[in-house]
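Here are my notes on the model you sent round. Have it open next to you while you read, and go through the points in order.

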Amino acid sequence: MSQNVHVSNLLRCPECGNDQEFVEVSGEVITTTFYQQNPDGSFTPVDQEDEQASGQRLYCGKCEKDITALYERFAEMVF
Ligand SMILES: [Zn+2]
């Protein structure tokens, strides 16, 4: 096992070159619940859907450029 792992392709802000600080913003989650009314007037939830309204976004922590296009790669490298 090598101790000198060299990473040559760090995630980097294309605007300012920042490769250290990033900001992740989670979109609002919309929860939709479907109910069925019973003959006695009560309601039973039959289905529920959680939907990401705008999804995850990624911003540079220094110049605040929207770099969501790089989000997938960012997510893969979060440990
Ligand atoms: Zn930047």
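1. T31 is exposed, because just 8 other C-beta atoms lie within 10 Å. The cut-offs behind that word: a residue is buried if 20 or more other C-beta atoms lie within 10 Å of its own, exposed if 12 or fewer, and partly exposed in between, with C-beta atoms placed from the backbone. You'll find T31 in strand β2. Helices here are DSSP runs of H or I with at least four residues, strands are runs of E with at least two, and both are numbered from the N terminus.

2. Which residues does T31 touch, leaving aside its neighbours within four places in sequence? They are Q48 and D50. Being in contact means that the two C-beta atoms, placed from the backbone, lie within 7 Å. Going by C-alpha atoms, T31 and E49 are 5.7 Å apart in space, with their positions 18 residues apart in sequence.

3. A word on what we're looking at. This is a predicted model, where local features need pLDDT of at least 70 and side-chain atom pairs count only at pLDDT 80 or more, while totals for chains, interfaces and linings use all residues. Residue numbers start from 1 along each chain as its sequence is written.

4. V29 also belongs to β2, which covers residues 29-37. V29 counts as exposed, since it has 10 C-beta neighbours inside 10 Å. D50 turns up again here: its C-alpha atom is 6.5 Å from that of V29, though the two are 21 residues apart along the chain.

5. Over in strand β3 (residues 43-52) you'll see D47. D47 is exposed too, because it has 9 other C-beta atoms within 10 Å. Its C-alpha atom sits 9.4 Å from that of Q36, and the two residues are eleven apart along the chain.

6. Is strand β1 mostly buried or in the open? β1 spans residues 22-26, and of those five residues zero are buried, so the strand lies largely in the open. It pairs with strand β4 (residues 56-60) in the antiparallel sense, over five bridges; for strands to pair, DSSP has to find at least two bridges between them. Within this pairing, E24 stands opposite L58 of β4.

7. S26 is another β1 residue to look at. S26 counts as exposed, given its 10 C-beta neighbours inside 10 Å. L58 comes back into the picture at this point: the C-alpha atoms of S26 and L58 are separated by 8.8 Å, with the residues 32 apart along the chain.

8. Please check the backbone at E64. This residue isn't a glycine, yet its phi is positive, at about 65°. For background, most residues other than glycine have a negative phi. E64 lies in the loop between β4 and α1 (71-76), and it is exposed, with 12 other C-beta atoms within 10 Å.

9. Finally, the overall picture. The protein has one helix and four strands, and the order along the sequence is β-β-β-β-α. How much of the protein is buried? Buried residues come to 5% of its 79 residues. As for contacts with a separation of 6 or more, 52% of them are between residues 24 or more positions apart.
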